[in-house]
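Student: Before we look at any details, could you take me through how one reads a charged side chain, a core and an overall fold?

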Amino acid sequence: MELYLIRHPRPDVQPGTCYGQTDLGLAESPVSVAERLRPLLPQDFALYASPLARARLLAEALGTPQLDPRLKEIHFGEWEGRTFDDIGSAIDAWVDAPLDFAPPGGESPRQMAARAHDFLAELRAASPAPAVVIVAHGGPLRALAGQLLGLPPEHWLGLDFACGEASRLDIHEWGTVLRWFNR
C-alpha cells in the first residue's frame, strides 16, 4: 500500500505564534499546492483530512476527503494564538518534558499521538484502498510516520514534514515500511 502524508499549505500567521488547533487562513493557495502535488499522487486513492481549514481546503482541492478530528494538530489550550515570547518561561516545562507536558487546557504530544494512532488503527482495520492520502498537520503526521517507521516517540520530532509537501511510505502488510520518500 502507498500512504501519502501531506502537510497543509503554509498558514497565514506571524512567526513565533503558537497556533495548534487555531483555525487560520493560508499564506498560499490550496489549489496551487494541490496542482503541484497532484502529479506525485496515484490516479485513485482514499482521501482523509483534518477538519481544520488549512488541511481541509487542500484536501478538498485534491478530491472529496473524509474529515476526521483525530487528525487535528495538537491543542495548545490557553497558549493558542499567543506568541512564544508572551508565553515566556512557562514554556520551560514543555522543554523539560517534551512528550508529556500539556499547556493549561491543552493536550500533550503523547495525547495527540494517541488520537492519531487511533485513526491509524481504524484505517488498518478498514482494509483501505491500495493508496491512501492523509492531509493533516506536522504533529499528527510525525506521530503516524514515527509509529509506522518503528521509531521511539522521542525521535518523531526529527521527522520533516514541510508545509505543502508530500511524503510517501510504501507499506507491506501494515507492519513493514519498505520505503519513505519526501517530495
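Student: Which side chain of opposite charge is nearest to glutamate 73, and how far away is it?

Tutor: First the ground rules: this is a predicted model, in which local features need pLDDT of at least 70 and side-chain atom pairs count only at pLDDT 80 or more, while totals for chains, interfaces and linings use all residues. Residues are numbered from 1 along each chain as its sequence is written, and side-chain values use heavy atoms, with hydrogens and water left out. For charge, Lys and Arg count as positive and Asp and Glu as negative, His and the chain ends not being counted; a salt bridge is a side-chain nitrogen of Lys or Arg within 4 Å of a carboxyl oxygen of Asp or Glu. Here the nearest side chain of opposite charge is that of arginine 7, 5.2 Å away, and glutamate 73 has no salt bridge although it is buried (under 20% relative accessible area, against over 50% for exposed and in between for partly exposed, with a 1.4 Å probe and protein chains only).

Student: Where is glutamate 73 found, and with which residues is it in contact?

Tutor: Helices (H or I, at least four residues) and strands (E, at least two) are DSSP runs numbered from the N terminus, and glutamate 73 is in the loop between strand S3 (66-67) and helix H3 (84-87). Taking contact as heavy atoms within 4.5 Å, and leaving aside neighbours within four places in sequence, its partners include Arg54, Glu107, Arg115 and His137.

Student: Which residues of the largest nonpolar core touch the most other members?

Tutor: A nonpolar core is a set of buried Ala, Val, Leu, Ile, Met, Phe, Trp, Tyr and Cys residues joined through side-chain atoms within 4.5 Å. The largest one here has 23 residues, of which Leu3, Leu5, Tyr48 and Ile134 touch the most other members. Among the elements that give two or more residues to this core are strand S1 (2-7), helix H5 (109-125) and strand S5 (166-172). Another core, of 17 residues, lies apart from it, with Ile6 and Ala166 among its members.

Student: How many helices and strands are there in the chain, and in what order do the elements run?

Tutor: The chain has six helices and six strands, which run β-α-β-α-β-α-α-α-β-α-β-β from the N terminus on. Of its 183 residues, 47% count as buried.
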